[in-house]
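Hello, and thanks for sharing this one. Here are my notes, set out as numbered points so that you can follow along in your viewer.

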Amino acid sequence: MDRLQGGPFLEISFLMFESESIQVILDKLCDLPIKIEMHMTTDLLQAFHKGHLYDEQDSNSKRIHQICVRLNVHTSRTRRSDLYIQRIANNSLCFSMCFYGSAADVPEWNQIGIKDSELDEFTALLVQIFEKLEFVAGGVAIEQDATFMFDSNLEYPHQEYELTQLTIQSVLRNMNSFYSIVVNKDISKDYNSKQVELLNKGILIRDSLHSTERSNT
């Protein structure tokens, strides 16, 4: 069962080719300067690879490959997180770390909120993940994951979410709701702007996100 309650949720999400095993990716995720404790089991991995039918009554229905892994993430304050891993297209994965995203704490749920002064910690974590995993593109947003960077509103898995289809133009068109975005050099090679921060193998683009957009629901 997922541990997070209420909302809204802040998501650190990123897109990767399925060129390494899920376990190898998760092992790297636990080897960051910001400590991440992960509650992963063999059964969860097997469930991901087996998948399940979108419509259990239709044997021809598309097969969904998705799991949720519980995390404890040691930012300046230790936070609970649910990590969703989804296969969104052939050889294309989306990872999304969900945090309770209201600006206010909720003691009755044992959930701490995210102050405006703490938002940069999540961009820092996104950059650390990029430096370790060298993902294709990722971002920090409220209630949106990196699949929103595509020019598509179709349900996945679908070929429109293949990472080879992602362009810097589609990322820029769809970045308004993101607090920050990181894209690799292959995606950003045709993008020239003074509004970016250069990373070793990509760029960081910042936007704005404030507590007024993160009121408790």
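1. Contact, in these notes, means heavy atoms within 4.5 Å. With that in hand, Lys50 touches Arg63 and His65, once residues up to four places away in sequence are left out of the count. Please keep in mind throughout that this is a predicted model.

2. Let me stay with Lys50 for a moment. This residue lies in helix α2. Is Lys50 buried or exposed? Its relative accessible area is 64%, and the cut-off for exposed is over 50%, so Lys50 is exposed. Lys50 and Arg63, one of its contacts, are 13 residues apart in sequence, and their C-alpha atoms are 8.8 Å apart in space.

3. His49 is also worth a look. It is found in helix α2, which covers residues 42-50. Its relative accessibility is 46%, so His49 counts as partly exposed. Which residues does His49 contact, leaving aside its neighbours within four places in sequence? They are Ile22, His65 and Arg87. Of these, Ile22 is 27 residues from His49 in sequence, with a C-alpha to C-alpha distance of 9.5 Å. His65 appears here as a contact of His49 and also in the contacts of Lys50, so you may like to display these three side chains together when you check this part of α2.

4. Next comes a helix pair. Two packed helices are described by the angle between their axes and the distance between the axes. Helix α1 (residues 22-29) packs with helix α3 (residues 119-133) at an angle of about 130°, and their axes are 10 Å apart. That angle makes α1 oblique to α3. The crossing of α1 past α3 is right-handed. On the α1 side, the contact is made by Ile25, Lys28 and Leu29, and on the α3 side by Ile129, Lys132 and Leu133. By type, the residues of this contact divide into 4 nonpolar, no polar and 2 charged.

5. Now to the loop between β7 (92-100) and α3, where Glu118 has its place. Is Glu118 buried or exposed? At 6% relative accessibility it counts as buried, because buried means under 20%. What does the side chain of Glu118 make a polar contact with? The partner is the side chain of Arg79, at 3.0 Å. Not counting residues up to four places away in sequence, Glu118 touches Ser76, Arg77, Arg79 and Gly113. Arg79 is thus listed both as a polar partner and as a contact.

6. The loop between β7 and α3 also holds Asn110. Whereas Glu118 is buried, Asn110 counts as exposed, at 60% relative accessibility. The C-alpha atoms of Asn110 and Arg80 are separated by 9.4 Å, and the two residues are 30 residues apart along the chain.

7. Some backbone geometry deserves your attention. Most residues other than glycine have a negative phi, and most peptide bonds are trans. Asn110 has a phi near 55°, a positive value in a residue other than glycine. Glu134, which is not a glycine either, has a positive phi of about 55°. The place of Glu134 is in the loop between α3 and β8, and with a relative accessible area of 43% this residue is partly exposed.

8. Where are cis peptide bonds found? One is the bond from Gly7 to Pro8, with omega near 0°. Pro8 is found in the segment before β1 (9-17). Another cis peptide bond joins Tyr156 and Pro157, and here omega is about 10°. Pro157 is found in the loop between β8 (137-142) and α4.

9. My last point concerns helix α4 (residues 168-173), where Ser170 is found. Ser170 counts as buried, at 4% relative accessibility. A polar atom of its side chain lies 3.2 Å from the backbone oxygen of Met149. Leaving aside neighbours within four places in sequence, Ser170 is in contact with Met149 and Asp151.

Terms used:
Residues numbered from 1 in each chain as written. Predicted model: local features only at pLDDT ≥ 70, side-chain atom pairs only at ≥ 80, totals over all residues. Heavy atoms only, no water. Helix = DSSP H or I, 4+ residues; strand = E, 2+ residues; numbered from the N terminus. Buried < 20%, exposed > 50% of the residue type's maximum accessible area, 1.4 Å probe, protein only. Axes fitted to C-alpha atoms, helices over the stretch in contact; angles between N-to-C directions. Parallel < 35°, antiparallel > 145°, perpendicular 65-115°, else oblique. Left-handed = near helix turned anticlockwise from the far one by under 90°. Nonpolar A, V, L, I, M, F, W, Y, C, P; charged D, E, K, R; others polar. Polar contact = N/O pair within 3.5 Å; in protein donor to acceptor, adjacent residues only side chain to side chain.
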